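Reader: Please give a close account of one part of this model, the strand that you consider best described by its surroundings. I should like the aromatic contacts to be treated beforehand.

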Amino acid sequence: MLRSKPRNAASARAQKKREPMLEENVKSSLFIKGSTTSEVVMDALKDLYALHRPNAILFSKKNDLHPFDDARPVEFLSTKNNSPLMVLASHSKKRPHCLTFMRTFNHEVLDLIELTIERSLPMEAFEGVAKPAMGNRPCLVFNGDLWETDDDFVKIKNSLMDHLGNGNGGSHADKVNLKGLDHVISVSVDLDKTIHFRTYMVVLKKSGTKLPKVELEECGPALEMKVGRTRFADEAVYKLAYKVPKELAPKKVKNIERDEMGDKVGRIHMHTQDFSKLQTRKMKGLKRGRKDEDGDDEDGEKDDAEEKPKRRISPKKSKKNTSD
């Protein structure tokens with residue numbers, strides 16, 4: 001049980017690190033060895049651990065964990081190591097070669113996803129191929145309609161993005177350094193709900209232009225898995241876990257929206273335009289000459305004169321000179 005007040009300065013600093021922050025630190029992952037394992041599932045666990053380094057911890061000792069039956073040991077490990085992501089390797093006759101992906105929110109289990117390995121090729125099987133550098137973030141690619149249409153697979157995709165993002169989850173990058181992007185993780189799903197996990201190295205070759213020619217070379221691990229048992233939290237808990245603080249939420253700009261293609265569309269409100277004052281393109285053929293302008297002026301003057309009413313002038317009487 002956590003104390004409300006720390007005993008000393010060291011415990012106060014440790015407790016402060018676990019408090020909620022606007023910008024969370026990089027998430028660390030725990031890779032746990034179950035009580036009974038097989039060579040197949042342990043090779044897959046070690047390869048996933050290699051892809052997550054240095055933000056990962058591998059437990060070499062066996063741990064008797066059954067998260068679907070009792071989640072308290074899992075929550076204890078999450079709180080002790082301050083790690084919200086965990087992967088458990090287990091093997092039994094009823095459920096062979098199982099990888100259980102677990103997430104916690106506020107140190108309580110958020111979701112449990114059990115994936116059974118049917119076929120696998122470890123990294124050691126791909127000889128002569130370079131391996132991903134430690135700490136580099138992968139490019140995640142999800143192929144298949146079920147990732148968007150099926151409710152369970154939507155949550156599985158969200159969980160895998162959190163686990164495979166090397167501690168950064170499914171965050172988007174505005175800019176990408178091609179030298180730092182050295183591997184791609186492709187996760188595909190078929191109509192029969194089989195998950196295909198592949199890892200490729202990015203090879204940049206000369207193309208004769210500024211942009212290099214990009215080729216992909218498989219480096220492992222390669223896994224084919226089926227979805228087993230799953231357990232998801234309530235929608236209210238997911239809504240609270242996905243909540244973005246007001247300080248980090250993007251400010252909404254009036255009259256600006258995004259269309260289906262992601263393009264920015266704006267709406268402008270203008271006053272009523274007076275088309276009589278609208279400046280149009282001047283054409284030489286429509287320009288009037290000086291004679292036309294003079295003729296129009298004379299005609300205009302005549303019209304004005306005709307419109308004026310005529311005044312009647314009375315004749316002046318002539319005076320005659322009379323001589324006496």
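Author: Rings of Phe, Tyr and Trp (its six-membered ring) form a pair if their centres lie within 6.5 Å, and planes under 30 degrees apart count as stacked, over 60 as edge-to-face and the rest as tilted. The model is predicted, so to speak of local features requires pLDDT of at least 70 and side-chain atom pairs count only at pLDDT 80 or more, while totals for chains, interfaces and linings use all residues. Residues are numbered from 1 along each chain as its sequence is written, and side-chain values use heavy atoms, with hydrogens and water left out.

Across the whole structure, four aromatic pairs are found. One of them joins Phe 31 and Tyr 49, whose ring centres are 6.0 Å apart and whose planes stand at 75°, so this pair is edge-to-face. The contact links distant parts of the chain, for Phe 31 belongs to strand 1 (residues 29-34) and Tyr 49 to helix 2 (residues 39-52), 18 residues apart. Helices (H or I, at least four residues) and strands (E, at least two) are DSSP runs numbered from the N terminus. Phe 31, at 0% relative accessibility, is buried, whereas Tyr 49, with a relative accessible area of 21%, is partly exposed. Here buried denotes under 20% relative accessible area, exposed over 50%, and partly exposed in between (1.4 Å probe, protein chains only).

Another pair consists of Trp 147 and Phe 153; the planes of these rings stand at 70° and their centres are 5.6 Å apart, so it too is classed as edge-to-face. Trp 147 has a relative accessible area of 1% and is therefore buried. Phe 153 is also buried, at 3%. Ring pairs join Phe 142, Trp 147 and Phe 153 into a cluster.

The part chosen for the close view is strand 7 (residues 183-189), of which seven of the seven residues are buried, so that the strand is largely enclosed by the rest of the structure. In a regular strand the side chains alternate between the two faces of the sheet. Both faces of strand 7 are covered: on one side lie His 183, Ile 185, Val 187 and Val 189, on the other Val 184, Ser 186 and Ser 188, all of them buried.

The pairing partners of this strand come next. Two strands pair if DSSP finds at least two bridges between them. Strand 6 (residues 139-143) runs parallel to strand 7, with five bridges between the two, and Val 141 stands opposite Ser 186 of strand 7. Strand 8 (residues 194-205) is antiparallel to strand 7 and is joined to it by seven bridges. Among the partners across this pairing, His 183 faces Met 201 in strand 8, and Val 189 has Ile 195 of strand 8 as its bridge partner. Strand 7 and strand 8 form a hairpin with four residues between the strands, in which Lys 193 adopts a positive phi near 65°.

From strand 8 the pairing continues to further strands. Strand 10 (residues 222-232) is antiparallel to strand 8 over four bridges; Ile 195, the partner of Val 189, is bridged to Met 225 in strand 10. Strand 9 (residues 213-218) also pairs with strand 8 in the antiparallel sense, over six bridges, and there Tyr 200 stands opposite Glu 218. Val 214 in strand 9 is exposed, with a relative accessible area of 52%, whereas the seven residues of strand 7 are buried.
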